[in-house]
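Hi,

Here is the structure I said I would pass on. Have a look at it first, and then read my notes below.

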Amino acid sequence: IRLAARQDGEETSAPVSEEKETPVKLKDVWKKKEVTLSFEAFPPKKDSDFASVASAVEKIAQLKPDFMSVTYGAGGGTSAYTGKIAQIVQAQGVTALAHLTCVSSDRDRIHHELDALRQAGIENILALRGDYPEGYDPSAPRDYRYARDLVEEIRAYGGFSIGGACY
C-alpha cells in the first residue's frame, strides 16, 4: 500500500492498493488476446548470479508482458532455479510459464518438480524432452523418451495448463 498523490501534488491519506493481478492459465490468456507479448528468463549458470537474474526479471516484469517463460537450465544453467524464478515473475503480477524437461529425469524427479511448482503456485508448464547431456546414451532405457510422454505424466498429475515443444 502506498499513499496517492492528488492532481495538485499534495499527498492524500487514502491508501492505494498495489495488489497484483492473480496469475492465470495461459490457455485463458490466449482465448482473450489474439496477440500476446512474452519474455523468457534463463536460470543462472552460477549460483552467485541468481541475484542478477532475479533483478532482471523484476525489471522486465515492469513492461507488463502477458507472461514470462522460465527455461529449465538451458545452456548450462541450473534447473534448480526454474521454480524460484517463476515465483519471482508471479510476485510481479505476471503469469509464469515454467519449462520442464524429461530427457534425464525419472518419474520420481518429475513428480518432485511438479510438487514444487504446484507449491509455488505455478500453473503453466512447457513440457520438453530437452537436449541430450554430453555422453548421454539415447537408446538407454528411461521413463520418458519424448515430450509427449512428459505431457501425459503432467496431465495425469493434474492441475496444470500444459504446452508442449514436440517434434
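What follows is what I found in it, going from the sheet to the helices, the cores and one loop residue.

Before anything else, keep in mind that this is a predicted model.

Let me start with the sheet. It is open and has five strands, in the order β3-β4-β5-β6-β7, and the pairing is parallel. At the edges sit β3 (38-41) and β7 (161-165), each of which pairs on one side only. On average, neighbouring strands are turned by 25 degrees against each other, ignoring direction. Helix α3 (residues 82-91) packs on this sheet, where it touches β3, β4 (67-70) and β5 (95-101). The direction of α3 makes about 170 degrees with that of β5.

If you want to check the pairing at the β7 edge, go to β6 (residues 124-128): β6 and β7 pair in the parallel sense over five bridges. There you will find N124 opposite S161 in β7.

Next, the helix pair α2 and α3. Their axes come within 9 Å and cross at roughly 30 degrees. Angles under 35 degrees count as roughly parallel, so α2 and α3 are roughly parallel to each other. The crossing is right-handed. On the α2 side the contact is made by F50, V53, A54, V57 and E58, and on the α3 side by K84, I85, I88 and V89.

Now the inside. The largest nonpolar core has 32 residues, and V57, I85, L100, L114 and I154 touch the most other members. Two or more residues each come from α2, β4, α3, β5, α4 (107-119), β6 and α5 (147-157). The biggest contribution is from α2, with five residues. V57 is a good place to zoom in: leaving out residues up to four places away in sequence, V57 touches A41, M68, I85, I88 and V89. Another core lies apart from the largest one; it has six residues, among them L26, V29, L126 and L128.

Finally, one residue for you to look at in the loop between α2 (50-61) and β4, namely K64. Its phi is near 60 degrees, a positive value in a residue other than glycine. Is K64 buried or exposed? The cut-off for exposed is over 50% relative accessible area, and K64 has 59% relative accessibility, so K64 counts as exposed.

Cheers

Conventions:
Residues numbered from 1 in each chain as written. Predicted model: local features only at pLDDT ≥ 70, side-chain atom pairs only at ≥ 80, totals over all residues. Heavy atoms only, no water. Pairing = 2+ DSSP bridges. Helix = DSSP H or I, 4+ residues; strand = E, 2+ residues; numbered from the N terminus. Axes fitted to C-alpha atoms, helices over the stretch in contact; angles between N-to-C directions. Contact = heavy atoms within 4.5 Å. Buried < 20%, exposed > 50% of the residue type's maximum accessible area, 1.4 Å probe, protein only. Core = buried A, V, L, I, M, F, W, Y, C linked by side-chain atoms within 4.5 Å. Parallel < 35°, antiparallel > 145°, perpendicular 65-115°, else oblique. Left-handed = near helix turned anticlockwise from the far one by under 90°.
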